[in-house]
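This report describes selected strands and one helix of a protein chain. Please keep the sequence and the structure in view while reading.

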Amino acid sequence: MAYKALYRTYRPTTFEEVAGQEHIVRTFKNALATGKISHAYLFAGPRGTGKTTMAKLLAKALNCDEGLGCQCNHCRNCEAINNNSHPDVLEIDAASNRGINEIKDLIEKVKYSTILGRYKVYIIDEVHMMTNEAFNALLKTLEEPPEHVIFILATTEPHKLLPTILSRCQRYDFGKVPSPEMSKRIQTILEKENIEYNQDAVDLIISLSDGGMRDALSMLDQVLAYSGNTLNENDVLSIFSLESKAEKLSLIHSLLKNDVSDVLNRVQKYLGKGTDIKRLTNDLLSIFKDALIYALTNKKDLLENISEKEATEINQEANTNVLNSYIQTLMDSLKDYKNVADANTLFEVTLLKMATLNNPSQNKLIVPELKIPQKEEKIEKSQIFVEETVQKPVKIEPVAPQPVKEEIPPLQEEIIPVETTISLKGTLSEGSYKIDQDTIIKIIVTGKKEIKNNFLDRWSQLKRYATHPEYGKIATLLIDAHPLIVSNDVLLLEFPMTNLVEKANTASNQHMIQSLINHVFHKHLFVYSVSRKESVDYQRLFIDLKGVKRLPRPDDVNLEFEVNKL
């Protein structure tokens, strides 16, 4: 039997199982109990908050054999809805059926009676994708449908709907699922699946999901595919390229102490590991926000991201003015990430700026205090100068030592080119390397975690060669990459932008890329690159294949290579 994703396996089958959305559940229960059923509903809210699930639950409550409002999940109507095979419950994707012809076809079928249940229910998902012509064609039917027909429209962007559509529907706004509700639901699922877990890992997944229950379960699926039958914080951090709370607090204390050298070393470590710097920036912002709230209110129940002790330690090192400056700097950076070509440099500059904000000794100018003589005293101006010079010397504040920059190797450093280039057989097409999906999966299967960790730890060393007269351009190109998979034969890189992938996969660049990688990491590998989007797609495919036990065994993988002498 094919593997079924967690969010599908544990989709709520009754109103009572829905996480969050209590106001909507209560409204529908009351409406069904009193028979006050509308002809059209609009479900609006963020993705993964239960809009489509609620639509199917309402369809079951309308058609269950045990009576209106019931959801027995045993009768033929409930089972057919659960299996997506009910002839009277039709789910339509408006993103792919958005034109007027599809809507006219729908309107034509509306007039027919039901086949199995009491009501014919049309669930139109992503309804905001429909064209204006399709909306106008639907208007009359939506306003006065036959008594046995109910429309449920679902959208993440209700502002894109025509006012005439909105006025014909009862609107229900789905909010993000509260963290306690998500935590309870995830813990229940983990216990049913007999999976060992710690609460920190669960809380981290909830934080990443941003209130979306489906996203949280998809992330949980991905982590379990990586870690097996356990769920711990380190695996979550590793998969999603995040830093631990302890690491973020340690960075913050280095910033507050103006330890520029330590901050720079940490930045290089983050960039070498491929840490999600935008997420890290946002996490730092949340911590400083909590510290500021605690400094102003002294109420620990208002803290969301750090403990009372951690907030106190931050406030002992920085006053509210400094915290406000840090918050503003981080907010400015989050806005600027969209507009800069190199987000890594912006992140580094942001932290350097913050590392100088909490240094009053560099901002305070101490002026010598002069005695003003009384009227009866006759003191010459020169005496005042001499006296104040002796008694009130100018205080010279110590200047913080400047961070020692990592020396760039001499430009004449010799990089010995590899004598042969390696490539996979049949991968060259129009001057570029092209690898099919099956081969990528084989490469992922053969990946070695210990080799990859070595590459991650030393990847920032490529910056040393950015000014090299011969290999500078290649080094600059590789700096933007993240080692995704490393095996004994292949290095699979992930780039944030497609144009960089195209450059890296150009056959003419392969010799210099392999030479530089061999020089820095002492391994002669075939280097292939994918975009971030492709990386996500391949990882999802890997998880799906693992779920159905169709992954090749590492020992059975035999990649054929070509060796080209120069």
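## Strand 12 and its partners

Val490, Leu492 and Glu494 point one way from strand 12, Leu491, Leu493 and Phe495 point the other way, and all are buried. Buried means under 20% relative accessible area, exposed over 50%, and partly exposed in between, with a 1.4 Å probe and protein chains only. Strands (E, at least two residues) and helices (H or I, at least four) are DSSP runs numbered from the N terminus. The model is predicted: local features need pLDDT of at least 70, side-chain atom pairs count only at pLDDT 80 or more, and totals for chains, interfaces and linings use all residues. Residues are numbered from 1 along each chain as its sequence is written, and side-chain values use heavy atoms, leaving out hydrogens and water.

Strand 12 covers residues 490–495, and 6 of its 6 residues are buried. The table lists its pairings; two strands pair if DSSP finds at least two bridges between them.

| Partner of strand 12 | Sense | Bridges | Residue opposite leucine 492 |
|---|---|---|---|
| Strand 11 (residues 482–486) | antiparallel | 4 bridges | isoleucine 485 |
| Strand 13 (residues 526–531) | parallel | 6 bridges | tyrosine 528 |

Strand 11 and strand 12 form a hairpin, with 3 residues between them.

## Helix 6

Helix 6 has 12 residues (132–143), and its end C-alpha atoms lie 16 Å apart, in agreement with the 16 Å expected at 1.5 Å a residue. The expected span is 1.5 Å times one less than the number of residues. Its buried residues include Phe135, Leu138 and Leu142. Among the elements covering the buried residues of helix 6 are strand 1 (40–44) and helix 5 (100–110).

Notes
Contact = heavy atoms within 4.5 Å.
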